[in-house]
Amino acid sequence: MSFQEIKKQIEMCQDCRQKFGFTPVPIFHGKEQSKIMQISQAPSKKVHETGRPFNDPSGAKLKYQWYQITDDIFYNEDNFYITALAHCFPGKHPKGGDNPPPLACANKWLAKEIEMVDNQLYIIIGARAAKYLFPKDSFEDLIFKNSLFNGKPTIVLPHPSPLNIRWFKSHPSFEEKRVPEIREMVWDVLGIKGID
Ligand code: SF4
């Protein structure tokens, strides 16, 4: 099956309709030759409603504070393939926050995307995504070092959600030291010097 056929199948996927109790909206973005493949956990409600990945407070922190790149650079398909364990917003949990991403989506679709996208760098976002791809490693160890996944350089990030504030406060060296290193790697792969 070609990459375009897989993309079409993901766009039409409704496997979780019954589980979610609403119409799933698969959201992902990019092409086979995108330079960076970014794998997060699942779209937020705002992303579900707008159809644009990382168009929410998490995305603002990720794009403008950590990567320090413009939307034009982030949403350029030559630059980023943006996907997640679950391609659809999984609904709100009755006790707060979002439901966990259904891993059946990652097993069915993400595995195919990883196989087909010819990226140079992986960026993995959030503890759930890290555990799925690096089941034996400690999340904190992964964040503070460069890793290899599928034979390619890989960065693991904490989730940039404002709800993660306690983690950022208890790990100040992440934003002070690790983020500048990560930004350098991102700019290097994209061949840019950031926002002028
Ligand atoms: S989350 Fe994944 S498996 Fe479920 S409906 Fe969306 S695309 Fe399909």
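**View 1. Q9 and its place in helix α1 of this predicted model.** Start with Q9, which you will find in helix α1, the stretch covering residues 3-12. Is Q9 buried or exposed? Q9 counts as partly exposed, because 14 other C-beta atoms lie within 10 Å. Now look for W109, which sits 100 residues away from Q9 along the chain. In space, the C-alpha atoms of Q9 and W109 are separated by 9.1 Å.

**View 2. The residues around the ligand.** How many residues surround the ligand? There are 15, and the closest of them are C13, C16, P24, C88 and C105. Which helix gives the most to this shell? That is helix α6, made of residues 103-116, which supplies four residues. Sorting the shell by class gives 11 nonpolar residues, with two polar and two charged ones beside them.

**View 3. Strand β2 and its two faces.** Strand β2 runs over residues 80-84, and five of its five residues are buried, leaving the strand mostly covered. In a regular strand, side chains alternate between the two faces of the sheet. Try following that pattern here: F80, I82 and A84 point one way from β2, while Y81 and T83 point the other way. Residues on both sides of β2 are buried.

**View 4. I39 between two neighbouring strands.** Strand β1 spans residues 36-40 and pairs with β3 in the parallel sense over four bridges. Strand β1 is also joined to β2 by five bridges, and these two strands run parallel as well. I39 is a handy landmark here: I39 stands opposite T83 in β2 and opposite I124 in β3.

**View 5. Strand β3 and its link to β5.** Why is strand β3, residues 121-125, described as largely enclosed by the rest of the structure? Four of its five residues are buried, so the surroundings cover most of the strand. Strand β3 pairs with β5, residues 152-157, in the parallel sense over four bridges. To trace this pairing, find I124, whose bridge partner in β5 is V156.

**View 6. The hairpin of β4 and β5.** Strand β4 covers residues 147-149 and pairs with β5 in the antiparallel sense over three bridges. One bridge to look for has L148 partnered with P153 in β5. Together, β4 and β5 form a hairpin with two residues between them. In the turn, N150 has a positive phi of about 55°.

**View 7. Helix α10, its kink and the residue after it.** How does the span of helix α10 fit its number of residues? The helix has 19 residues, 172-190, so at 1.5 Å a residue it should span 27 Å, and its end C-alpha atoms are indeed 27 Å apart. Look along α10 for a kink of about 40° at R178, shortly before the proline P180. Just after α10 comes G191, with a positive phi of about 70°.

**View 8. The annotated domain, residues 27-183.** An unreviewed UniProt entry annotates residues 27-183 as "domain: Uracil-DNA glycosylase-like". The C-alpha atoms at the two ends of this span lie 25 Å apart. Within residues 27-183, helix makes up 41% and strand 15%.

Note on methods
Residues numbered from 1 in each chain as written. Predicted model: local features only at pLDDT ≥ 70, side-chain atom pairs only at ≥ 80, totals over all residues. Near = placed C-beta within 6 Å. Nonpolar A, V, L, I, M, F, W, Y, C, P; charged D, E, K, R; others polar. UniProt positions renumbered as here; feature names shortened; annotations may be inferred. Expected span 1.5 Å × (residues − 1). Bend = angle between axes of the 7 residues up to and from the residue. Buried ≥ 20, exposed ≤ 12 C-beta atoms within 10 Å, placed from the backbone. Pairing = 2+ DSSP bridges.
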